[in-house]
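This briefing is meant to be read beside the sequence and the coordinates. It takes up metal coordination, charged pairs and surface character in turn.

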Amino acid sequence: MDGKSSLVEPLKRRLTLDDVAPKWAKRLEQEKKLPFPLSLKWFKWYFELDMPSKCVVGEAYGFDSSYEQECDECNTLGWRFGHSFLVRSRLELETDVQNFLSHWNEKHRPIDRS
Ligand SMILES: [Zn+2]
């Protein structure tokens, strides 16, 4: 996932979670283990994942929940993060991230973000 290949053309570089949702990317990267259940941090993550504008997908939209109406796929993917978090599956969260990134790169990738 990391380790950028210099063979990839810059324009075609697949966006990573770091590009799309840096706040969540950082969190997920720093916490090798998910927050301890019912801890303060756990609640913070839980509440944010439960809020369409603050969850991983929401962050990608600039902390906006408009995708709920505009994209079924994003909406579905958004809820999946919360579920994976609740069952404390790091693996499922990784899968969610990858699914979301594939969808985002395919459907919502902005033409130019710089
Ligand atoms: Zn979408």
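Helices, here, are DSSP runs of H or I with at least four residues, numbered from the N terminus. The model discussed below is a predicted one. Its zinc ion is held by protein donors from Cys71, Cys74, His103 and His108, and its side chains form 7 salt bridges by the rule applied.

**Zinc site**

- The zinc ion takes the SG atoms of Cys71 and Cys74 together with the NE2 atoms of His103 and His108 as its protein donors, and these lie 2.0 to 2.2 Å from the metal.
- Because the 4 donor atoms subtend angles of 104 to 117 degrees around the zinc ion, the arrangement is tetrahedral, the criterion for four donors being that all angles lie between 85 and 135 degrees.
- Along the chain, the donors of the zinc ion are spaced as C-x2-C-x28-H-x4-H.
- Cys71 and Cys74 are both buried, a term that stands for under 20% relative accessible area.

**Salt bridges**

- In helix 7, which covers residues 90-108, Glu94 and Arg90 are 4 residues apart and therefore separated by about one helical turn; their side chains meet in a salt bridge with an N to O distance of 3.6 Å.
- Glu94 has a relative accessibility of 27% and so counts as partly exposed, and Arg90, at 24%, likewise counts as partly exposed.
- Asp19 pairs with Arg13 in another salt bridge, in which the closest N and O atoms are 3.3 Å apart.
- With a relative accessibility of 25%, Asp19 counts as partly exposed, and Arg13 also falls into the partly exposed class, at 30%.
- Glu106 and Lys107 join their side chains in a salt bridge at 4.0 Å, N to O, and both of these residues are exposed.
- Lys23, Arg27, Lys44 and Glu48 are joined into one network by salt bridges that share partners.

**Nonpolar surface patch**

- On the surface, Leu38, Phe43 and Phe47 form a nonpolar patch, and together these residues have about 310 Å² of accessible area.
- Phe43, one of the patch residues, is found in helix 3, which covers residues 40-50.
- The relative accessible area of Phe43 is 33%, so this residue is partly exposed; that value also meets the requirement of over 30% relative accessible area for patch residues.

How values were computed
Residues are numbered from 1 along each chain as its sequence is written. This is a predicted model: local features need pLDDT of at least 70, side-chain atom pairs count only at pLDDT 80 or more; totals for chains, interfaces and linings use all residues. Side-chain values use heavy atoms; hydrogens and water are left out. Donors are N, O and S atoms within 2.8 Å of the metal (3.2 Å for Na, K and Ca); water is not among the atoms, so sites may look incomplete. Four donors count as tetrahedral if all angles lie between 85 and 135 degrees; four count as square planar and six as octahedral if opposite donors are over 155 degrees apart and all others between 65 and 115; anything else is irregular. Buried means under 20% relative accessible area, exposed over 50%, partly exposed in between (1.4 Å probe, protein chains only). Helices (H or I, at least four residues) and strands (E, at least two) are DSSP runs, numbered from the N terminus. Patches are made of residues with over 30% relative accessible area and no salt bridge: like charges are joined within 9 Å, nonpolar side chains (Val, Leu, Ile, Met, Phe, Trp, Tyr) within 5 Å. Accessible areas come from the Shrake-Rupley method with a 1.4 Å probe; for residues, only the protein chains shown count as cover.
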